[in-house]
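Colleague: Please take a close look at a single part of this model and then set that part in its wider context. I should be grateful for the criteria behind each term as you use it.

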Amino acid sequence: MSTAEPKVEKILEVKQVKKHFNMGRNQVVRAVDNVTFDVYKGETLGLVGESGCGKSTIGRTIIRLYEATEGEIRFKGETTKDLKGKSLKKFNREMQMIFQDPYASLNPRMTVSDIIAEGLDIHGLAQGEERRQKVVELLKTVGLNEEHADRFPHEFSGGQRQRIGIARALAVDPDFIIADEPISALDVSIQAQVVNLMKRLQREKGLTYLFIAHDLSMVKYISDRVGVMYLGNLVELADSQELYDTPLHPYTEALLSAVPIADPDVGKQRERIILKGDVPSPIDPPSGCRFRTRCPKAMDICAQVVPKWQEVRPMHWVACHLYEEESLKKEQAKKED
Amino acid sequence: METTKNLTPDLFEPAETDVKEQEQIARKKLTFWGDVWRRFRSNKGALIGGILLLIIAVMAFIGPDMNPYTYRAQDYSVINKEAFGDHWFGTDALGRDLWTRTWYGAGISLLIALLAAAFDLFIGVPYGCISGYYGGRVDNWMQRIIEVLYGIPNLVVIILLLLWLDPGIFAIALAMGITGWITMARVVRGEMLKLKSQEYVLAARTLGASTSRMLVKHMLPNVMGPVIITIMFSIPTAIFFEAFLAFIGLGIRPPEASLGVLIEEGYKQLQLYPYQLFYPAAVLSLIMFAFNLVGDGLRDALDPKLRQ
Amino acid sequence: MEKQNLLEVRDLHVSFKTYNGEVQAVRGVSFDVKKGETVAIVGESGCGKSVTSQTIMRLIPQPPGWIKSGEILFDGQDLTKLSEKQMEAVRGKEIAMIFQDPMTSLNPTMTVGKQIMEGLIKHQNLGKDQARERALEMLRLVGIPSPERRINQYPHQFSGGMRQRAMIAIALACAPKLLIADEPTTALDVTIQAQILDLMNDLKEKLETSTILITHDLGVVAETADRVVVMYAGKVIETGTVDEIFYRPRHPYTWGLMGSMPRLDLSREKELTPILGTPPDLLSPPKGCPFAGRCKYAMKICKQQMPETTSLQESGSHQVACWLEHPMAPAVEPPVEMVGGGSK
């Protein structure tokens with residue numbers, strides 16, 4: 001394996017993480033299996049995949065809403081598993097989350113100012129007039145204003161609610177934000193508002209994002225690097241432009257070609273790879289490579305051996321037998337040199 | 001284009017667009033409970049039920065003192081007389097004033113209602129909260145306990161209790177304390193399980209909220225709706241339970257008066273003096289009817305599915 | 001040459017009564033659907049696109065909803081004037097509908113085969129065996145593998161994509177003249193969406209059914225529709241062929257829609273230009289153009305009067321309702337980066 005020099009420091013390291021859910025009667029949902037990746041400080045890492053691929057589960061495992069079944073997650077060099085007391089409080093301030101459903105992510109019985117100030121209250125960061133000031137400031141940051149502070153969530157539109165959710169996350173001054181499908185419940189014109197707001201905040205506050213979504217166009221737009229997940233596995237990870245220009249994994253290729261493009265001429269000319277069938281159940285995933293049942297390029301080996309997660313090009317990782325030979329050859333060539 | 005009249009060029013100058021205006025909320029400011037109250041108020045049936053309850057409650061309080069008789073004073077000179085003088089409901093077989101006894105009985109019924117609500121709130125809600133919030137093994141055990149309790153018929157419990165207690169309000173309360181809150185516990189547990197996976201609850205967890213904060217700020221306010229509805233529907237059951245026990249002789253016993261006792265006495269005299277059954281039965285029916293009306297109204301007002 | 005209109009919606013107004021007052025969901029919508037053509041209705045949630053389609057099927061709950069005025073001419077017959085009984089003969093037979101969520105629109109206690117056969121037996125007076133034959137044929141047509149086994153299965157035994165295929169089979173079984181597809185792929189994953197869109201395009205060629213496609217996804221529109229109706233706040237603000245809407249849009253809202261969507265095939269350097277603000281509350285819709293409050297080019301007149309619908313050429317295929325089309329208005333060029341991705 002070659003080691004490309006990381007540009008900046010790693011803020012998050014996810015190592016061989018597994019998250020299995022026990023469903024009783026000896027059924028285990030392998031929601032996330034052996035996922036490994038790093039997130040660098042200040043970047044946006046996008047995670048895409050279809051429903052049930054485990055992208056939300058990995059996000060929730062990282063922020064400790066779920067406990068990892070196996071593997072290690074390091075945040076700022078420290079393992080997150082045994083955080084307690086003070087260090088846990090610190091972790092809760094440094095890592096925050098933005099949720100998917102703007103209608104379910106705000107407590108309907110609380111006023112907007114109480115929602116936004118929740119982090120301030122929990123960590124005792126501000127009281128009284130200072131608290132009020134902070135709330136107003138946060139509201140302005142996300143493009144709302146003071147009059148909104150005493151209203152209740154049900155009076156707001158989806159986009160406004162999502163911005164309130166962002167303000168709540170920002171209240172504790174985090175460095176790292178996991179955005180779990182933050183725009184998929186919003187209308188097109190509102191999506192751009194929220195995404196642009198997130199980009200602006202990243203510039204101003206030096207935030208790092210893990211951006212989880214199923215909309216490939218939006219993920220490509222906002223992310224520096226993109227990881228593609230399928231049935232609990234990370235199958236490919238690369239710089240976003242490179243991933244779209246030269247996808248290596250057959251699943252990435254199919255996924256990209258399936259996205260409809262809002263340009264009639266381009267859209268109609270495009271060659272589509274239409275995958276057959278549906279995603280298998282994560283309770284009893286296929287042996288070997290999990291994608292093999294739908295893969296147009298499946299070989300015999302795919303059913304028997306789990307493909308290795310390797311960096312076949314600089315900063316371009318993929319788990320696919322098609323490229324194992326390639327990297328083997330490379331290694332041999334190196335040896336011969 | 002000729003149809004649009006009186007267009008002047010100045011109308012085509014750029015207009016100011018105010019960003020603030022774009023975020024304006026047109027609708028009136030309303031809290032959740034304000035909204036519920038508005039909807040409850042617009043429901044005529046519920047309003048009538050509420051007023052009826054209020055009247056009955058007031059009467060239960062002041063009714064027994066409105067004429068000079070007490071609920072237990074017997075007067076053999078006026079046995080089985082229909083309404084006359086200040087015996088507004090007449091008298092019973094022992095010459096006791098039916099008006100006083102009826103409202104005294106209504107008071108007992110309302111006391112039972114209060115007890116039922118208290119058991120629901122102070123046993124059912126915490127039990128369901130703990131069971132649903134912690135989940136896993138705790139939940140499993142607590143649910144098994146509920147199932148065992150639920151399996152014991154109420155009547156058996158009360159008969160067993162009467163082996164070492166005198167029949168009366170205390171025995172009834174104890175019987176209700178054992179099983180009466182189970183429905184509430186189940187409702188609350190179900191709501192808690194639902195709420196636990198709500199994103200705002202997850203958001204509070206990622207912010208590091210303590211368990212007590214989660215329960216007080218996020219969970220309890222959001223189960224209040226179903227809790228109120230459940231109380232409103234468990235109260236009539238409790239009142240009816242008391243009346244039933246009195247009727248079969250296992251509850252409150254004469255000379256104490258409850259609506260059940262009065263109905264039982266009136267039932268014996270039904271063929272000769274139907275009014276003795278009529279008054280207490282009417283009051284009991286009104287109480288049940290009113291609670292059901294209010295309960296229905298509250299359910300409609302609180303049901304999020306009808307909100308919009 | 002000019003194909004005949006199958007459906008003509010004329011000045012349709014639909015309102016709903018709520019606790020807060022009357023919500024005017026549809027406020028004067030007019031459009032046509034020609035025989036064999038696919039018309040996409042696009043717009044954001046709450047713009048009235050779903051209400052319009054449900055009104056055509058007469059599926060809006062009455063009360064709280066009611067049709068205030070307007071006509072829906074289907075094959076020359078005004079659907080708004082039909083009784084519920086007469087409407088039952090139209091639903092399923094002449095006009096069929098597929099919904100966003102196949103799980104809630106299929107009956108979970110009936111086999112898929114029975115659900116296809118039901119309509120056939122009711123509307124086409126087929127015998128049981130004939131209906132079964134036809135149901136098998138439909139399942140094959142929509143690409144469900146081993147239909148002989150599948151026909152006796154229940155919806156929960158189908159996956160999401162297969163359920164949507166079954167929905168399409170049910171909808172098309174009686175060979176309706178018009179198919180209304182309400183966000184048919186929104187609940188599906190991208191790879192499954194590609195399968196369903198492929199199938200719908202395929203069937204369109206085979207069956208020549210007219211289709212109303214309701215969606216918010218401009219990508220889906222570009223790849224499947226012939227004509228586009230853009231709705232905003234209960235009104236139609238622009239209509240035209242796919243090429244006209246994507247390459248020569250005229251309404252600032254359409255520009256806004258195009259500009260706020262990232263394109264997979266273009267580099268990510270391009271900034272998105274979102275439409276600011278939120279759509280108006282239809283409890284009290286604004287007097288003038290509903291978009292004026294969010295429009296960069298808004299003029300004084302926009303806030304006072306609703307613009308009339310202007311045809312841009314003789315054929316009248318491209319129509320827009322905007323004051324910028326008025327001779328007195330200043331000439332405004334659409335922002336270059338918003339239109340057609342600059343490919344034309």
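Modeller: The account below begins with one strand of chain C and then turns to the rest of that chain, to chain A and to chain B.

This is a predicted model, in which local features need pLDDT of at least 70 and side-chain atom pairs count only at pLDDT 80 or more, while totals for chains, interfaces and linings use all residues. Residues are numbered from 1 along each chain as its sequence is written, and chains are lettered from A and ligands numbered from 1 in the order in which they are written.

The part chosen is strand E9 of chain C, residues 227-232. Helices (H or I, at least four residues) and strands (E, at least two) are DSSP runs, numbered from the N terminus. E9(C) is mostly covered, with six of its six residues buried. A residue is called buried if 20 or more other C-beta atoms lie within 10 Å of its own, exposed if 12 or fewer, and partly exposed in between, with C-beta atoms placed from the backbone. In a regular strand the side chains alternate between the two faces of the sheet. In E9(C), C:Arg227, C:Val229 and C:Met231 point one way, C:Val228, C:Val230 and C:Tyr232 point the other way, and all are buried.

E9(C) pairs with strand E3 of chain C (residues 38-42) in the parallel sense over four bridges. Strands are said to pair if DSSP finds at least two bridges between them. C:Val230 is the bridge partner of C:Val42. E9(C) also pairs with strand E10 of chain C (residues 235-241), here in the antiparallel sense and over six bridges. In this pairing C:Val230 stands opposite C:Glu238 of E10(C). The hairpin of E9(C) and E10(C) has two residues between the strands, and C:Ala233 takes a positive phi near 50 degrees there.

Chain C also holds an open sheet of four strands in the order E2-E1-E4-E5, with antiparallel pairing. Strand E2 (21-34) and strand E5 (77-78) of chain C stand at its edges, each with a single partner strand, so one side of each has no neighbour in the sheet. Strand E4 of chain C (residues 65-74) is joined to E5(C) by two bridges and runs antiparallel to it, with C:Phe74 opposite C:Gln77 of E5(C). Helix H1 of chain C (residues 49-56) lies across strand E1 (5-18), E2 and E4 of chain C, at about 70 degrees to E2(C). Such angles run from 0 to 180 degrees between N-to-C directions, and axes are lines fitted to C-alpha atoms, for helices over the stretch in contact.

UniProt, in an unreviewed entry, lists residues 7-258 of chain C as "domain: ABC transporter". UniProt positions are given in the numbering used here, feature names are shortened, and annotations may be inferred rather than shown by experiment. Over residues 7-258 of chain C the model has 40% helix and 28% strand, with the end C-alpha atoms 28 Å apart.

Where chain C meets chain A, the contact takes 40 residues from chain C and 40 residues from chain A. Two residues are in contact if their C-beta atoms, placed from the backbone, lie within 7 Å. On the side of chain C that touches chain A, the elements giving two or more residues are helix H8 (190-207), helix H9 (218-224), helix H10 (242-247) and helix H11 (252-259) of chain C. H8(C) provides the largest share of that side, eight residues.

Chain A contains an open sheet of four strands in the order E2-E1-E4-E5, with antiparallel pairing. Its edge strands are strand E2 (28-40) and strand E5 (78-79) of chain A, each of which pairs on one side only. Strand E1 of chain A (residues 10-22) pairs with E2(A) in the antiparallel sense over nine bridges, and A:Lys10 stands opposite A:Tyr40 in E2(A).

Chain B has twelve helices and zero strands. Of its 308 residues, 37% count as buried. UniProt, in an unreviewed entry, places the feature "transmembrane region" on several spans of chain B, including residues 45-63 and 277-298. Residues 45-63 of chain B are 95% helix, with end C-alpha atoms 25 Å apart, and residues 277-298 of chain B are 100% helix, with end C-alpha atoms 32 Å apart.
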